Amino acid sequence: MTKVYPNTTTLVTSSPDGKGNAAILTVWKKSLLFSCNGFTVFDSKGDLVFRVDNYMASNKGEIVLMDAAGKPLYTIRRKRLSFGDNWLVYDGETVANPRFAARKHVNILNTKCLAHVSNYNKANEGIGGSGSPNSKNVMYEIEGSYTQRCCAVLDKSRRRVAEIKQKEAVGGVGFGVDVFRLIVQPEIDAALAMTLVILLDQMFGSSRRLSN
């Protein structure tokens, strides 16, 4: 089997190197814990950076992104009693004052757009009640195809701040869709970029059935 495991499990930085270079992360849709679904993320050196270990039936509607040491970074919760596929993102494991709101984009006239992410605003729930994003609050628009692992995260200026790409085959052996690249530019926090991956997986991936 082609190696996707980390070299070590020490805590390492997940941010771009501070010199304007992107961080290239390898995302593995598998938890390192036995009998537990999730994600495991490595940096370019093969060191563990992020993990998600609670993709289980007992945790429907709530997903926690942790660093390598197990510290909660963001908690993703499905927004209850809302029209459409809506999610809220909280700092750590807090249960109040969401930081971000995300909504699956549904528009037959724009099939390229997958989702919008905004600063949370309680007055309009971060996203316009009609299903259209409030342009004043939208931080990121995600375009492409998650099922093909080919997506771009665009900021307000339409700059690509993160990308999801298929991981190149090694020695003629492909990785499939469960192992892929996450390329993070300095303009976005790597933990937030990984949170967007989790949101896309909930909206468009096979994991949808785990949180419905």
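Which residue caps the N-terminal end of α1? Hi everyone, let's start there. This is a predicted model, and the residue to look for is Asp189. One of its side-chain oxygens lies 3.1 Å from the backbone nitrogen of Ala191, and that is how Asp189 caps the helix.

Now follow the helix itself. α1 covers residues 190-204, which is 15 residues. How far apart should its ends be? At 1.5 Å a residue the helix should span 21 Å. The end C-alpha atoms are indeed 21 Å apart, so the expected span and the model agree. Most of α1 is covered, too: 14 of its 15 residues are buried.

Next, empty space. Searching the whole structure turns up 2 cavities of 30 Å³ or more. I'd like to show you the second largest, which holds about 30 Å³ of space. Our helix helps to line it: α1 and strand β11 (160-166) each supply at least two residues of the lining. Among the lining residues are Ala162, Ile164, Ala193 and Leu196. Glu163 is there as well. By class, the lining has 7 nonpolar residues, 1 charged residue and no polar ones.

Finally, the aromatic rings. The whole structure has 2 aromatic pairs. In one of them, Tyr146 meets Phe180 edge-to-face, with 6.4 Å from centre to centre and 85 degrees between the planes. The two partners are 34 residues apart, so to speak from distant parts of the chain: Tyr146 sits in the loop between β9 (138-145) and β10 (150-154), while Phe180 belongs to strand β12 (residues 179-184). Are these two buried or exposed? Both Tyr146 and Phe180 are buried. Thanks for listening!

Conventions. Residues numbered from 1 in each chain as written. Predicted model: local features only at pLDDT ≥ 70, side-chain atom pairs only at ≥ 80, totals over all residues. Heavy atoms only, no water. Helix = DSSP H or I, 4+ residues; strand = E, 2+ residues; numbered from the N terminus. Expected span 1.5 Å × (residues − 1). Buried < 20%, exposed > 50% of the residue type's maximum accessible area, 1.4 Å probe, protein only. Polar contact = N/O pair within 3.5 Å; in protein donor to acceptor, adjacent residues only side chain to side chain. 1 Å grid on protein atoms, 1.4 Å probe; cavity = no way out; pocket = protein on both sides within 12 Å on 5 of 7 lines; lining within 4 Å. Points joined across faces, edges and corners; volume = space filled by probe spheres on them. Nonpolar A, V, L, I, M, F, W, Y, C, P; charged D, E, K, R; others polar. Phe/Tyr/Trp six-rings, centres within 6.5 Å; stacked < 30°, edge-to-face > 60°.
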